[in-house]
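Work through the exercises below with the sequence and the model open beside you. Each task is followed by a solution that goes step by step.

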Amino acid sequence: MPVWLREHSWRQSLTAVYLSLPLRGARATAANIFCSEQYLKVSIPPFLFEAVLYAPIDDTNSTAKIGNGNIFFTLYKKEPAMWDSLTLANADKEKLQHLRENAVLKAQEKAKEETEAKKITKQEHKKYALEATMKVEEAERKRIEDLKEKERQKVTKELELWKNQQKDGDKYKSIQTKEEFHQEIEPLKERKNEKMNKTQIPNEASSKTRLKSTRGHGSCSIFSQDLKEEQLPAPRAAATIKVNFTPRVFPTALRESCVAEEEEWLHKQAEARRIINSDLSELEDLKEEEKNPDWLKDKGNKMFAMGDYLGAVNAYNLAVRLNNKLPLLYLNRAACHLKLRNLHKAIEDSSKALELLTPPVPDNEKARVKAHLRRGTAFCQLELYTEGLQDYEAALKIDPKNKIIEKDAEKIRQLIQGTTQSS
Amino acid sequence: MSAVLGPERPQMVSHVQQALSYTVFDCKWVPRSARLMCLGSAARGTGVIQLYELHGARLEMLREIKKPKPIKCGTFGATSLQQRYLATGDFDGNLNIWNLEAPEIPVYSVKGHKEIINSIDGVGGLGIGEGAPEIVTGSRDGTVKVWDPRQNDTPVANMEPVQGESKRDCWTVAFGNAYNQEERVVCAGYDNGDIKLFDLKTMSLRWETNIKNGVCSVEFDRKDINMNKLVATSLEGKFHVFDMRTQHPTKGFASVSEKAQKSTIWQVRHLPQNRDIFMTSGGSGSLHLWKYEYPAQRSKKDSEGSEMGVAGSLSLLQNVTLSTQPISSLDWSPDKKGLCVCGAFDQTVRVLIVTKLNKI
């Protein structure tokens with residue numbers, strides 16, 4: 001239940017009503033005051049003061065002053081007249097309610113309208129600002145364009161002038177050359193200096209005003225040109241300079257940004273060449289050089305030369321494990337097996353070597369001959385003379401001038417014929 | 001790097017733009033005229049030479065000459081001002097010199113190289129420089145050959161790889177140091193980043209270096225003086241300016257380098273009227289105008305007492321982007337300061353005017 005504040009006092013003039021409302025210790029702010037055209041309410045819970053005014057007032061201009069435990073209202077009357085009392089006398093409850101509601105509604109509407117109005121003005125301000133900036137920028141752009149256009153026109157004019165100069169210059173030159181022609185022909189015909197002078201002078205006179213300056217130039221240029229032609233040195237003695245280029249593996253042009261990638265690729269290639277099949281765990285125990293198939297091959301060769309055939313075979317075995325694409329390894333191992341009389345192994349290895357020695361090129365002729373011979377020998381020792389002969393004949397085909405092969409082939413033929421004869 | 005301020009900077013004004021129906025590889029001004037030549041390759045693999053004249057705001061084609069092989073490069077450098085013959089190198093390795101009045105039969109012709117002639121330069125003509133007129137060509141076959149139009153069939157100098165050495169493409173050549181009748185040098189740039197300087201008087205290699213990127217273009221600031229500066233441009237947006245006045249016995253020539261942009265710098269051309277200003281054209285369709293400033297002292301003594309050069313500094317005066325395709329060729333007019341033509345791979349040739357060069 002609100003506590004009604006009734007100890008208000010009021011005065012009035014023709015146009016305004018002054019109402020003083022003491023607050024019993026309560027603090028008031030603007031939010032506590034509600035005022036509409038004919039209704040005034042102050043609500044500071046739990047206190048309540050309301051008044052349905054005698055006549056409508058102008059609530060937008062009316063003021064309320066809060067201070068000293070007191071609210072002082074200055075209400076401007078809509079119609080200047082003296083009020084009989086502050087509030088309406090016959091305060092019918094329903095009427096009061098009605099009035100109150102109206103007041104609230106009106107206040108709400110007003111608030112809405114105010115916000116709308118504010119929004120509109122804000123938008124208009126924004127638009128205005130935007131247009132202003134656009135204008136400024138446009139002006140700036142135009143200014144720059146104008147400057148550029150002026151430059152362009154100036155420059156075009158200059159160019160035209162220069163071009164016309166060139167044209168005239170060309171005309172003068174063509175007239176000049178004609179006159180030069182005359183000059184040259186006359187002395188050639190008559191070869192008399194006086195005549196030459198004679199032809200010179202009338203020409204000069206006629207064209208004195210216009211061509212004087214260029215004329216002088218022209219004669220200078222003829223003479224200087226003749227002199228120049230005489231002074232031109234003979235063509236240079238032909239010579240060659242040998243050039244070395246900074247080495248580069250790739251055929252493409254050098255780019256700094258690609259250098260790192262190229263280096264990586266080259267490194268990878270080198271690695272791939274060196275280590276093939278190196279995922280065997282035993283290889284970790286070996287020294288760096290022992291992982292190199294070429295080094296192992298050399299080692300094997302040395303051991304073969306010294307007669308250590310088993311050692312050589314071991315060396316070749318390891319080399320093959322590292323790189324099974326080198327034909328020479330198989331070739332040499334075949335030779336070892338022959339010496340060790342492992343004939344079947346010798347045949348195998350020679351065959352593998354021949355496989356790897358394709359395509360047959362002059363480069364690997366010697367190797368192929370050796371391979372055939374070794375296989376042939378192995379066959380013969382196994383008494384498979386026909387196969388052996390085949391190999392010898394192949395070897396002979398590659399190297400027909402080798403007498404030893406011929407002799408051996410002949411021997412085998414004899415043997416075959418001998419066995420067929422006997423059997 | 002200092003910058004010239006706002007309104008005083010040279011402006012690059014685009015004057016004329018002409019669309020072509022072929023790929024243009026080289027464009028050159030005809031000396032003493034407002035005419036220019038465009039050289040290139042038509043779609044069906046034949047060569048085209050077109051002669052244009054500047055008329056107001058457009059280019060008018062005066063003549064079109066068709067040749068069986070596409071043409072890569074050309075120069076007027078070795079002819080006299082009266083004759084104005086054009087020397088061209090084509091995709092087949094042929095060097096031809098044409099009289100443009102009668103272009104059916106070349107004045108001089110030789111199959112100089114086994115592969116495309118990438119670059120050509122001439123010296124001794126046009127009243128510039130002294131000595132015999134000569135033409136140098138650099139080709140993909142790795143050789144650089146110097147020709148004298150008075151001697152048929154054989155070059156007067158041949159810079160070829162040592163026997164058995166794998167060849168590198170020569171991408172660019174330039175003459176220089178032609179200040180009297182005997183002296184002359186040829187500078188060649190290769191795709192592996194080598195720059196070599198050959199002295200034609202002593203027929204020997206005078207200097208070489210490697211700039212770590214393929215060399216697209218080399219040019220001396222002037223052909224007809226004691227060699228002063230050499231600009232070499234390369235892939236990856238870099239170019240180097242070498243001070244050629246002082247050669248150190250081991251370190252060679254001093255240089256300053258600049259990275260202008262991310263793409264290849266296709267060409268460098270010095271302004272004929274001011275040898276410290278040059279323009280570079282790039283793979284992104286842009287042109288940059290540079291100025292070189294000399295240092296306080298151009299040479300100093302090193303710890304052993306030998307002279308070594310001091311490189312100066314570069315400043316960017318202006319840049320403009322004209323196209324999305326590389327601008328592969330560039331030429332300043334020797335007659336009008338600031339007038340230049342450039343040809344790009346978007347089949348357009350553009351004439352530009354660079355203003356305010358007098359104030360630099």
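**Exercise 1. Describe the make-up of each chain, beginning with the sequence range of the contacts in chain A.**

Step 1. In chain A, 53% of the contacts with a separation of 6 or more come from residues 24 or more positions apart, where a contact means heavy atoms within 4.5 Å. In chain B, the share of contacts joining residues at least 24 apart, among those at least 6 apart in sequence, is 50%.

Step 2. This is a predicted model, in which local features need pLDDT of at least 70 and side-chain atom pairs count only at pLDDT 80 or more, whereas totals for chains, interfaces and linings use all residues. Residues are numbered from 1 along each chain as its sequence is written, chains are lettered from A and ligands numbered from 1 in the order in which they are written, and side-chain values use heavy atoms, with hydrogens and water left out.

Step 3. Chain A has eleven helices and nine strands, while chain B has zero helices and 30 strands; helices (H or I, at least four residues) and strands (E, at least two) are DSSP runs, numbered from the N terminus.

Step 4. Buried residues make up 28% of the 423 residues of chain A and 65% of the 360 residues of chain B, with buried meaning under 20% relative accessible area, exposed over 50%, and partly exposed in between (1.4 Å probe, protein chains only).

**Exercise 2. Characterise helix 6 of chain A and what covers its buried residues.**

Step 1. Helix 6 spans residues 309-322 of chain A, and its 14 residues reach 20 Å from the first C-alpha to the last, close to the 20 Å expected at 1.5 Å a residue; the expected span is 1.5 Å times one less than the number of residues.

Step 2. Its buried residues include A:G311, A:A315, A:L318 and A:L322. An α-helix has 3.6 residues a turn, so residues three or four places apart point the same way.

Step 3. Among the elements that cover the buried residues of helix 6 of chain A are helix 5 (293-306) and helix 7 (327-339) of chain A.

**Exercise 3. Place strand 29 of chain B among its pairing partners.**

Step 1. Strand 29 (residues 339-344) of chain B is mostly covered, six of its six residues being buried. In a regular strand the side chains alternate between the two faces of the sheet. Here B:L339, B:V341 and B:G343 are buried on one side, and B:C340, B:C342 and B:A344 on the other.

Step 2. Strand 29 of chain B pairs with strand 28 (residues 327-332) of chain B in the antiparallel sense over five bridges, pairing being counted if DSSP finds at least two bridges between two strands. Within this pair, B:I327 stands opposite B:A344, and the hairpin has six residues between the strands, with B:G338 taking a positive phi near 95°.

Step 3. Strand 29 of chain B also runs antiparallel to strand 30 (residues 348-354) of chain B, to which six bridges join it. B:G343 has B:V349 as its bridge partner there, and the hairpin has three residues between the strands, with B:Q347 at a positive phi near 60°.

**Exercise 4. Analyse the interface of chain A and chain B, including its salt bridges.**

Step 1. The contact takes 40 residues from chain A and 63 residues from chain B. Together the chains bury about 4400 Å², 53% of it on carbon and sulfur atoms, buried area being the accessible area (1.4 Å probe) that two parts lose on being put together, summed over both.

Step 2. A:R236, A:I241 and A:F245 supply 20% of the area that chain A buries against chain B, more than any other three residues.

Step 3. Five salt bridges are found across the interface, a salt bridge being a side-chain nitrogen of Lys or Arg within 4 Å of a carboxyl oxygen of Asp or Glu. A:R236 is linked with B:E134 and B:R184 in a network of salt bridges.

Step 4. A:E151, in helix 1 (residues 93-190) of chain A, meets B:K356 in a salt bridge (3.1 Å, N to O). A:E151 counts as buried because its relative accessibility is 16%.
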